[in-house]
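Please look at the structure below slowly, moving from one part to the next as the paragraphs lead you.

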Amino acid sequence: MKKNKHIFIIALMMICSSVIFAQKKKNIVFLFADDAGYHDFGFQGSKTFKTPNLDKLAKDGMVFKQAYTTAAVCGPSRAGLLTGRYQQRFGIEENNVPGYMSHSSKLMGDEMGMPLDEKTIADYLKPLGYTSQILGKWHLGNADKYHPLHRGFDEFYGFRGGARSFWPLTQAEAADRPENRLEIGYEKYQEADKYLSDAIADEACNFIERNKNKPFFTYVSFNAVHTPLQATKEDLAKVKGLTGKRKILAAMTIALDRACGQILDKLKELGLEENTLVVFSNDNGGPDGSKTCNYPLSGCKSNNLEGGIRVPFIMKLPNVIKPGSTFNKPVSMLDMLPTFVNAAGGNASKIKNIDGVDLIPYVTGKNKATPHEKLFWKKENRGIIRMGDWKMLRFPDRPAELYNIEKDQEENNNLAYKHPEKVKEMFTHLWKWECELERPLWMLKRVYEENAMKRMDDKRTPILD
């Protein structure tokens, strides 16, 4: 009898241990928009863009007020996000756009991609028992060797390039940009029979349904609301009081929000909501050309004013993160990898050479410090450092500028001449970081750098639209 009781206790302990272990392995859903304006969501203050599903996610989770990407354009920012490392450490500073590159680039065309020795979030989650999926935009190399299924992901439904139509490609479009064909898995090309944001949501829900009994990671990399500006007639009819590009953008945002809501509803339907970490963010600041609104920030996509690098960010983890809360210290997309690895039951502290941190101890108050004392950005001669409340911007065509971001997030009051010693100190830290970096593997033609500086000057004044 005692022997049976002993066996029963051991069995019970093993079951309890298994349950605790399973609970550590949170499902991870990362909802990632493309080129959205900082202000263009209800939870960010917009009165004209309707995003009820994302607004609810914000109420159920935490909104981060100073979340940054690692670049003001989408390709490099995704490289930093997926590796947890400043992408300049492995030679990525600029977008890889065939036909627009300097001929002095080391890599050109489809060979421009994230180096194969860099590990992604999916690579780190695989040995922890996770099935990983990427949907939508890849933009980290068109060649087969860079394919998502060769970078740790188990499933892919999307396109290898940087932007494409929201409707099925014509034969001419597919021939012109083969990297933008819709691909299922590896080299199976089949266009969707519906608006792409809705098709991506369907595929995400299908993946979640198939993997509901084991831990999963889905990286829902929407191409919305990137150009081309295309929306359904039904969504356009829902937009009131707006015209032109702003109307189309608002309709595209309705579709984006609907897709996010569909995925969140699927988690609830399957009883997975309580054990799922959900994050929503965007890859860079909203661009000027598609009439996004980055208010109250100055700047836009392609420049390193706050409107180019600060993004909307929500994190929800039931019973861990307090609903309806905010976090006001600077965080980075670099933090996604260690946060996800630890949520998966791994130990991110054992990963060498990453620049991100696990955000959970900070957002729960267990760690009272600031996640990052310093953050850096670099593109060609432009260099930026955020250190505490201070932000310094180094330019190729004018003296450096210095702002106290806590007091002046609009970057209106340049304090460089009042605090020359602070400028000198920050130059030293920026240069020390730059000396750790690789030379760029590719670079855009110089004219695009000139255009970026002009665009920055044109977008200096925040405009509420």
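In strand β16, the residue that serves as bridge partner to W390 is N404, and this pairing can be read with the knowledge that the model is a predicted one. W390 lies in strand β15, which covers residues 390–394, and four bridges join β15 to β16, the two strands running antiparallel. These two strands belong to an open sheet of four, arranged in the order β13-β14-β15-β16 with antiparallel pairing. At its edges are β13, residues 374–379, and β16, residues 401–404, each of which pairs on one side only. From one strand to the next, the twist of the sheet averages 10°. Helix α12, made of residues 420–434, packs on this sheet and touches β13, β14, β15 and β16, while its direction makes about 70° with that of β15.

From the sheet we can turn to a place where two helices meet. The axes of helix α2, residues 52–60, and helix α8, residues 244–269, come within 7 Å and cross at roughly 50°. An angle over 35 degrees but under 65 counts as neither roughly parallel nor roughly perpendicular, and α2 and α8 are therefore oblique to each other. On the α2 side, the contact is made by P52, N53, L54 and L57, and on the α8 side by D257, R258, C260, G261 and L264. Sorted by class, the residues in this contact are five nonpolar, two polar and two charged.

Which residues touch the most other members of the largest nonpolar core? This core has 56 residues, and the ones in question are F30, F64, F217, M315 and M336. To see what such touching looks like for one of them, consider F30, whose contacts, leaving aside residues up to four places away in sequence, include L81, F217, Y219, V279, M336 and F340. A second core, separate from this one, holds 49 residues, among them Y195, I200, A224 and I263.

Helix α10, residues 336–343, gives the largest share of the 56-residue core, namely five residues. Is this helix mostly covered or mostly uncovered? Seven of the eight residues of α10 are buried, and the helix is thus described as mostly covered; the buried ones are M336, L337, P338, T339, F340, V341 and A343. Two of these, M336 and F340, have already appeared as residues that F30 touches. After α10 comes G345, whose phi is positive, near 90°.

Definitions and conventions. Residues are numbered from 1 along each chain as its sequence is written. This is a predicted model: local features need pLDDT of at least 70, side-chain atom pairs count only at pLDDT 80 or more; totals for chains, interfaces and linings use all residues. Side-chain values use heavy atoms; hydrogens and water are left out. Axes are lines fitted to C-alpha atoms, for helices over the stretch in contact, and angles run from 0 to 180 degrees between N-to-C directions. Angles under 35 degrees count as roughly parallel, over 145 as roughly antiparallel, 65 to 115 as roughly perpendicular and the rest as oblique. Contact means heavy atoms within 4.5 Å. Ala, Val, Leu, Ile, Met, Phe, Trp, Tyr, Cys and Pro count as nonpolar, Asp, Glu, Lys and Arg as charged, and the others, Gly among them, as polar. A nonpolar core is a set of buried Ala, Val, Leu, Ile, Met, Phe, Trp, Tyr and Cys residues joined through side-chain atoms within 4.5 Å. Buried means under 20% relative accessible area, exposed over 50%, partly exposed in between (1.4 Å probe, protein chains only). Two strands pair if DSSP finds at least two bridges between them.
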